[in-house]
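Biologist: Please pick one helix in this protein and take me through it slowly, with its surroundings. I would like to know which way its residues face and what they touch.

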Amino acid sequence: MSKSVLDKVEYLILLIAEFSARCKVTEAQAYRYLNQYGALALCDKHYNIMHTLSVEENIQTLQAYCQRKGGTL
């Protein structure tokens with residue numbers, strides 16, 4: 001696996017873990033929720049920008065994105 005792919009995977013894992021802590025759900029539930037509402041695809045597409053921002057800012061963005069798509073967390 002290339003370093004760039006590994007970096008992206010590690011960052012997605014970090015975001016899922018932080019999202020689960022903020023929303024008080026398990027990491028598996030956070031993964032399913034973010035995947036269901038397209039937030040993981042958004043992270044994958046915009047990784048080059050997102051990884052330069054704070055984790056807190058990205059978590060807020062993901063939460064708002066999911067809510068606009070019908071999510072309730």
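Modeller: Happy to. One term first: a residue is buried when its relative accessible area is under 20%, exposed when it is over 50%, and partly exposed in between. By that rule E57, at 38% relative accessibility, counts as partly exposed. Please keep in mind that what you see is a predicted model.

Let me set the scene before we zoom in. The protein has five helices and zero strands, so far as its secondary structure goes, and reading along the sequence gives the pattern α-α-α-α-α. For 73 residues, a compact globule would have a radius of gyration near 11 Å, and the 12 Å found here agrees with that. Along the principal axes, the C-alpha atoms take up a box of roughly 35 × 20 × 20 Å. Of the 73 residues, 33% count as buried. Among contacts with a separation of 6 or more, 66% join residues 24 or more positions apart.

The part I would choose is helix α2, residues 27-36, where A30, Y33 and L34 are buried. Why do these three belong together? They span an arc of only 95° around the axis, which puts them on the same side of α2. A general rule helps to picture this: an α-helix has 3.6 residues a turn, so residues three or four places apart point the same way. The other side of α2 carries R32 and Q36, which are exposed.

What does the buried side meet? The buried residues of α2 pack against α1 (3-23), α3 (39-45) and α5 (55-68). You can follow some of this packing residue by residue. Take S20, which lies in helix α1. With a relative accessible area of 6%, S20 is buried. Setting aside residues up to four places away in sequence, S20 touches V25, T26, E27 and A30. A30 is one of the buried residues of α2, so on a walk along the helix you can look from there straight to this serine contact.

Y31 also lies in helix α2. Is it buried or exposed? Y31 falls in between: its relative accessible area is 41%, so it is partly exposed. Apart from neighbours within four places in sequence, Y31 is in contact with I16 and L40. F19 is 12 residues from Y31 along the chain, and their C-alpha atoms are separated by 8.9 Å.

Now look at what comes just before the helix. K24 lies in the loop between α1 and α2 and, at 75% relative accessibility, counts as exposed. Its backbone deserves a glance too, for K24 has a positive phi of about 55° although it is not a glycine. As background, most residues other than glycine have a negative phi.

At the other end, Y37 lies in the loop between α2 and α3. Y37 is buried, with a relative accessible area of 19%, and the cut-off for buried is under 20%. Leaving out neighbours within four places in sequence, Y37 contacts Y65, C66, K69, G70 and G71. For a sense of distance, Y37 and K8 are 29 residues apart in sequence and 19 Å apart in space, C-alpha to C-alpha. G38 follows α2 as well, and its phi is positive, near 80°.

The C-terminal part of the chain also comes to this helix. L73 is found in the segment after α5 and counts as partly exposed, at 27% relative accessibility. Beyond its neighbours within four places in sequence, L73 is in contact with F19, C23, V25, Y33, Q63 and Q67. That list includes Y33, which is buried in α2. L73 and F19 are 54 residues apart in sequence, and 9.9 Å apart in space from C-alpha to C-alpha.

Finally, back to E57, which sits in helix α5. E57 and R32 are 25 residues apart along the chain, with 21 Å between their C-alpha atoms. Over the whole protein there are 8 positive and 7 negative side chains, and the centres of the two sets lie 8 Å apart. The exposed surface comes to about 4700 Å², of which carbon and sulfur atoms supply 55%.

Terms used: Residues numbered from 1 in each chain as written. Predicted model: local features only at pLDDT ≥ 70, side-chain atom pairs only at ≥ 80, totals over all residues. Heavy atoms only, no water. Buried < 20%, exposed > 50% of the residue type's maximum accessible area, 1.4 Å probe, protein only. Helix = DSSP H or I, 4+ residues; strand = E, 2+ residues; numbered from the N terminus. Arc of directions from axis to C-beta. Contact = heavy atoms within 4.5 Å. Rg over C-alpha atoms; globule rule 2.2 N^0.38 Å. Areas by Shrake-Rupley, 256 points an atom, 1.4 Å probe, with all protein chains shown as cover. Lys, Arg positive; Asp, Glu negative; His and termini not counted. Charge placed at Lys NZ, Arg CZ, Asp CG, Glu CD.
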